[in-house]
Amino acid sequence: HQPNGQRAIVLPDKTYGASIRWWHESPSSYFKFDVAEGCSKKEVADVVEGVSHHVKDALHREISLPLLGWYHAAFLAPFFRKQFNHFPILICSGVAGSGKTETNYYILARMLGMKPEPVSSIHRTHFSLRALFNQSCSFPVILDEFTPHKFETERTRFIHAAMHLTYEGSTEEIGSKDLSLRGFRFSAPMAVLGESESLMDTEALVERAVFVHFPAAHIRESNPASFFALENLDLSKYAYGWYQHCLEHPPVEAFMRAGEKVKDLRVPKRVRDNMTCVIAGTEVMREYWESHDADTSLLDVKWEDVFSQSNIVENPLWFCDHFIADLDVMAQEGVIKAGEDYRVETYSLHFHLLTCFRKWMAWSARQRRQGADLNTLRRQLRERRTQYVMDTSKAVRLQSSGSVKKTVEVNLRSFCKFYPEPLNQWALEVTEDEKAIIERGDVEEIDENLEDDLSEVALPF
């Protein structure tokens, strides 16, 4: 907020600015805050030093850095929305007891001055959740215990819609009995915590979210003493110093440094934007820690390695990649059939997209997995032409006596090198003789040796 051209931080009951004193306001709010007032610089420095010291041992680096970066960046979300027109969602998955709630509510939210109260319950009414997202642009809404298969369909759809709206900072309008419209702007950053790893497979979120997975018993296996020491710090003083730092130091330089670190990564633009926000958050945090002489060695990392553990990697797996692997399983189970839905010749797979997608939707529903839309699948297959997709509309007869159909052609060798898990089929296993042929560069010889076998056997690619 900028009253009279001055930057200020406005809370429900107080406003703080570089040259503005605290004063009391009385709007109703779901958010509750705990920010120390009148701290000395030494008091703040002691807490900052405690955070920098304990967080290194309390959490694994691939967990702590994306979380610290996202929360510190979320506080500055209006700045990042001006740069990118969006701000990433945070999705934390892990089994019960892995430390999701403790880490997010009782440490990270408190570092921003929020009280450790799960006010943003996933079970609130839709109206209450809309009002919650509408009441903040910097303090995150944390939705805990999101387990889609345990909820009614309507609530799951609402949460997924809220993810899209808050990513863009869009406004949703709902009607009332008097035929008037009321708008709710989903301006608050959004964090979703849940036990289901299927959150990470939701295609529409892959490029819109920062994913952090908590292994089972993560806190117990890392360093519980450091974790509880971190939790017991007076983080209201950390928040007080953080507010002062953000008011006095705009994040422009940190944003530029973050952009330099990701500019050469071969990732989609949205993923690059997400990484930029997280890294910029840690860069602003670095400035804050350095201003209080705290140790910043935790932040000296190669970010590609950090994000590779957080489901944001070079050539990240998209829905289309999992779709091809699922077709392999469906072929094994007889859900799709050779000659009707697909054809394999040599190292090329041809499949009719619409037919296979319809059968995949029914199959995935039985597996209680999230679906996706056909247009997104088509777009991603076109974008994968540099990896393993040879053609997206090749005319092929799936049966020798059948009609010609437009199919997607996939190079199975390239896909097997690209996809981290092996497909369930023997034809792509490379023998010693084939390795020698490949070293000579004469791959056509392998193709000729396999043509007879491939023509006789319906391979479950």
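Visitor: Which residues of helix 15 are buried?
Guide: In this predicted model, they are Leu353, Cys356, Phe357, Trp360, Trp363 and Ser364.

Visitor: What puts them on the same side of helix 15?
Guide: Look at the arc around the axis. These residues cover only 130 degrees of it, which places them on the same side of the helix. On the other side, Arg358, Ala365 and Arg366 are exposed. A general rule helps here. An α-helix has 3.6 residues a turn, so residues three or four places apart point the same way.

Visitor: Why does Phe357 count as buried?
Guide: Buried means under 20% relative accessible area. Phe357 has 8%, so it counts as buried.

Visitor: How does the span of helix 15 compare with the one expected?
Guide: Helix 15 has 14 residues. From its first C-alpha to its last, it reaches 20 Å. That is close to the 20 Å expected at 1.5 Å a residue.

Visitor: How many aromatic pairs are there?
Guide: Two rings pair if their centres lie within 6.5 Å. By this rule the count is 21 aromatic pairs.

Visitor: Why is the pair of Phe323 and Phe351 called tilted?
Guide: The ring centres are 6.2 Å apart and the planes stand at 55 degrees. Stacked needs under 30 degrees, edge-to-face needs over 60, and the rest are tilted. At 55 degrees, therefore, this pair is tilted.

Visitor: What makes this a link between distant parts of the chain?
Guide: Phe323 is in helix 14, residues 319–333. Phe351 is in strand 10, residues 348–351. The two are 28 residues apart.

Visitor: Are Phe323 and Phe351 buried or exposed?
Guide: Buried. Phe323 has 0% relative accessibility. Phe351 has a relative accessible area of 0%.

Visitor: What is the geometry of the rings of Phe323 and Phe357?
Guide: Their centres are 6.4 Å apart and their planes are at 45 degrees, so this pair is tilted. Phe323 lies in helix 14 and Phe357 in helix 15, so the pair ties together parts 34 residues apart in sequence.

Visitor: Which residues do ring pairs link into a cluster?
Guide: They are Trp70, Tyr71, Phe79, Phe80, Phe84, Phe87 and Phe255.

Visitor: How do you know that the charged end of Arg413 sits over the ring of Tyr347?
Guide: The distance cut-off is 6 Å from the ring centre, and the charge must also be within 35 degrees of the ring normal. The charged end of Arg413 is 4.3 Å from the centre of the Tyr347 ring, and it sits over that ring.

Visitor: In what order do the four strands form the open sheet?
Guide: The order is 9-10-12-11, with antiparallel pairing. Strand 9 (342–345) and strand 11 (389–397) each have a single partner strand, so they stand at the edges. The twist averages 30 degrees from one strand to the next.

Visitor: How many bridges join strand 11 to strand 12?
Guide: Two strands pair if there are at least two bridges between them. Strands 11 and 12 have six. Strands 9 and 10 pair over four. In that second pairing, Tyr342 has Phe351 as its bridge partner in strand 10.

Visitor: Which side chains of strand 9 point to one face, and which to the other?
Guide: Tyr342 and Val344 point to one face and are buried. Arg343 and Glu345 point to the other and are not buried.

Conventions: Residues numbered from 1 in each chain as written. Predicted model: local features only at pLDDT ≥ 70, side-chain atom pairs only at ≥ 80, totals over all residues. Heavy atoms only, no water. Phe/Tyr/Trp six-rings, centres within 6.5 Å; stacked < 30°, edge-to-face > 60°. Buried < 20%, exposed > 50% of the residue type's maximum accessible area, 1.4 Å probe, protein only. Axes fitted to C-alpha atoms, helices over the stretch in contact; angles between N-to-C directions. Expected span 1.5 Å × (residues − 1). Arc of directions from axis to C-beta.
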